[in-house]
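Fancy a few warm-up problems on aromatic rings and overall shape? Have the coordinates open and work through each task before reading its solution.

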Amino acid sequence: MKFSAEMHRCTCLFALLFFQWISAQEIMIRELDTGEPIMNVAVFNQDKSRTTLSGLDGSCDLSLFDRNERITFRHLSYRALRTSKAQIMRQGRTVYLELNPEQLEEVVMSVSKWEQQKKDIPQKIAGMDARAIAFTSPQTAADLLQNSGKVFVQKSQLGGGSPMIRGFATNRLLLSVDGVRMNNAIFRGGNIQNVISIDPFVVRNTEVIFGPGSVIYGSDAIGGVMNFYTLEPQYASAEGREVSGAVNYRHASANNEHTAHLDINLGRKRWAFLSSLTYNDFGDLAMGRFGPDAYLRNQYVSRVGGRDTLLVNSRPGKQVPTGYHQWSLMQKISHKPNNYWNFDLGLYYSSTSDYSRYDRLIRPDSEGTGLRSAEWYYGPQNWFMGNLQVLNKGRGKFFDRVKTTLAYQRFEESRYERDFQDPDRYGTAEEVDAISLNTDFENKKMGDFRLYYGAEYVFNKVGSRGSRYNITDGSLASAAARYPDGATWQTAAGYVNAEYKARPNLSFLSGARYSHVWIQADFDRTFYPFPFEEARLNNGALTGSLGLSWFPKADLQLTLNGATGFRSPNVDDIGKVFDSEPGSVVVPNPNLEPEYAYSAELGVMKNFNDKLVLKGAAFYTYLVDALVRRDYQFNGQDQIEYNGELSDVQAIQNAARAYVYGFELGLDAYLSEYLSVNSNLTITRGNEEDDSGADSPARHAAPTFGDVHLVWKNPRLKADLFLNFNGELSYDDLALSERSKSYIYASDANGNPYSPAWHTLNFRSRYQIGNRLHGSFSLENITNQRYRPYSSGLAAAGVNWILGLGYTF
């Protein structure tokens, strides 16, 4: 018995020592820039007689290798590293791999919906991956786009962000999430905020196409396409179960933001599950100290003793009220029964609280001494999407891969407004049910010729209702809806896109698409005596593109691209009743046609010995039959009463023409192994024809804008000191519709509204504290400038420090 007990103790001691020895052989493999774990890294010795792979959490067991044996770490997206086990153990059992820039830039998805070499694409594409997004730490997806330095973003309120690309915005740009279009039948020409429904914490990659993308994406893709690709569930690298995840927290001082995020991945050999949850709480935004006094919030309306009361704002730099909160959830399930089939189910949900439309709350009354509105706010913006994608690889007679995407989306939005001392609050609420079906094929069986083709069907149904609520006696009555209730919008299309590699240094890309659109809307004449009872739209559009990418020398690329785009009228264009601005009301116009864009782009890129890269692009877009808001007559009248106010009548109409042109410049300089400089500059000009036939500045042609970044990084720390800047838009350069919004602009020497130039100095950093823990610190608008980006009702944040903490497991 004594001998048996001794044996037991020895066995336990041996097991403990063996466990400790095994644990000591385990290392972590992480990315140099972000510290994130890297899975599926191949680890092998010189003759490859001993090999292993890193797991889902980046861990790797080196017990197979001798202490002084040379080991290679290799991954497609990272530079290979050779070292020894002894050296790794001395450096804290962590291996850092550096991204391979060529691999990072090599593949894009947006142009054909399949992977293509970026160097073969004639259109300009800007991308941000999960590493860049995590480093910039955006509050919303709108901020994510703005942080790229290539997209201008307008904000009417904190809960918003309307991108502008090459002189186009709103329903002339297309939003896509995991291959499904977000644009729906009520995407409007005014500024929109649907992009904030996308949670930046779950975006693994963003690709922005500059210029028309109608061949692949159909209606609305005139100025560009913004594609958001979200995180994918990760399978286990071996039999069994692997669990990983991340926890993040962020705080920003300018709006007292508190954001928390959690995602968990459960991977098995054939199944994988990914769950994500994010909560954002934003307070009222504080503007900067040094700038135009016209931006200050000197007074606001509050309900005191049952009456609307104009109160003095004790902190005029605080924009009251702008705060809101938001929930974002995502659940993904992936199944891989064999090497030929993949099934992916994605469920997405986003919901905001009520949030004020700040630019309407700062409008002065007719006398200019008070405020016009006591209330103007959006109800919760809710978005749900269910997305099922089925991928089949190979063995088809006419394709190598085919992907079918079936999606259902539901959009809910509402708006409420009440004038000062008016007991009636008017509201409208809308819902859109959207079903889409896409089938996309890839054929690589023809040598240097690759063919992409497919078909699409989209169906939207709009629900809309109006109400009038008396806040004094609590009575509720029906009122005019914003849109025809039950209106439908649908489209069916087919496309083909071809890529031909004529030579190793010369590629051609060409495509064509035919789309057909139907609209059916029946008008309720209870509140307005419309001179029509219904609207029917039935039209088609043929679009195409042709471009080339040429490398006359290995370090010089020239691109040339021509494309057409179109936007078919939607329910918002044909059937909307709303107040576009003080004293104006937009009424339905059932007699609309599609608008067409004709675009050309020339690009150049020069690489100087991998030390300096210069990029440039020039573009021109001509828009005919442009859908714009113009004065109109309703039953022969120039004015009608809307929400108790006599208002000028306007309608969306096919104006004669519009055009935009501009230049985009970029610079990347690598000064040393650790230090680099990059910069972007965008110049856009545009004009549209007014009622008299004269040219006026285009509303969505953003002022000149850009940035300059000085970046330093080592294995644990990345730091970025950067300058953001915007040029001036004088009164003469403001669109006619913007000149009437003097309350959101500064005044020039003549008392006319204009958008002043501005610049901000900023700093951001990220530090890898340990193998799993990282922290970030940013200081925005260091000099505390008070500025308001062009066309925005919201002044930007003043000095703003941002703290972030993240943990991966």
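**Exercise 1. Find which residues make up the ring cluster.**

Solution. This is a predicted model. In it, F282, Y324, Y355, W376 and Y378 are joined into a cluster by ring pairs. Zooming out, the count of aromatic pairs in the structure comes to 17.

**Exercise 2. Classify the pair Y377 and Y416, then say what it connects.**

Solution.
- Step 1: get the geometry. The ring centres of Y377 and Y416 are 5.2 Å apart and the planes meet at 25 degrees.
- Step 2: apply the cut-off. Planes under 30 degrees apart count as stacked, so Y377 and Y416 are a stacked pair.
- Step 3: place the partners. Y377 belongs to strand β28 (residues 373-378) and Y416 to strand β30 (residues 401-419), so the pair ties together parts 39 residues apart in sequence.
- Step 4: check exposure. Buried means under 20% relative accessible area. Y377, at 17%, is buried, whereas Y416, at 23%, is partly exposed.

**Exercise 3. Do the same for Y674 and W712.**

Solution.
- Step 1: the centres of Y674 and W712 are 6.1 Å apart, with 35 degrees between the planes, and this pair is tilted.
- Step 2: Y674 sits in the loop between β45 (657-670) and β46 (675-689), while W712 is in strand β48 (residues 705-713); the pair links distant parts of the chain, 38 residues apart.
- Step 3: Y674 has 38% relative accessibility and counts as partly exposed. W712 is partly exposed as well, at 34%.

**Exercise 4. Which lysines lie over the faces of W114 and F608, and at what distance from the ring centre?**

Solution.
- Step 1: for W114, the lysine over the ring face is K403, 4.9 Å from the ring centre.
- Step 2: for F608, go to K606, which lies over the face at 5.3 Å from the ring centre.

**Exercise 5. Decide how compact the whole protein is.**

Solution.
- Step 1: take stock of the secondary structure: nine helices and 54 strands.
- Step 2: compare radii. The radius of gyration is 28 Å, close to the 28 Å from the globule rule for 809 residues, so the protein is as compact as a globular protein of that length.
- Step 3: look at the box. Along the principal axes, the C-alpha atoms fill roughly 105 × 65 × 55 Å.
- Step 4: look at burial and surface. Of the 809 residues, 55% count as buried. The protein exposes about 34100 Å², with carbon and sulfur atoms supplying 55% of that area.
- Step 5: finish with contacts. Of those between residues at least 6 apart in sequence, 66% join residues at least 24 apart.

How values were computed
Residues are numbered from 1 along each chain as its sequence is written. This is a predicted model: local features need pLDDT of at least 70, side-chain atom pairs count only at pLDDT 80 or more; totals for chains, interfaces and linings use all residues. Side-chain values use heavy atoms; hydrogens and water are left out. Rings of Phe, Tyr and Trp (its six-membered ring) pair if their centres lie within 6.5 Å; planes under 30 degrees apart count as stacked, over 60 as edge-to-face and the rest as tilted. Helices (H or I, at least four residues) and strands (E, at least two) are DSSP runs, numbered from the N terminus. Buried means under 20% relative accessible area, exposed over 50%, partly exposed in between (1.4 Å probe, protein chains only). A charge sits over a ring if NZ of Lys or CZ of Arg is within 6 Å of the ring centre and within 35 degrees of the ring normal. The radius of gyration is taken over C-alpha atoms; the globule rule is 2.2 Å times the number of residues to the power 0.38. Contact means heavy atoms within 4.5 Å. Accessible areas come from the Shrake-Rupley method with a 1.4 Å probe; for residues, only the protein chains shown count as cover.
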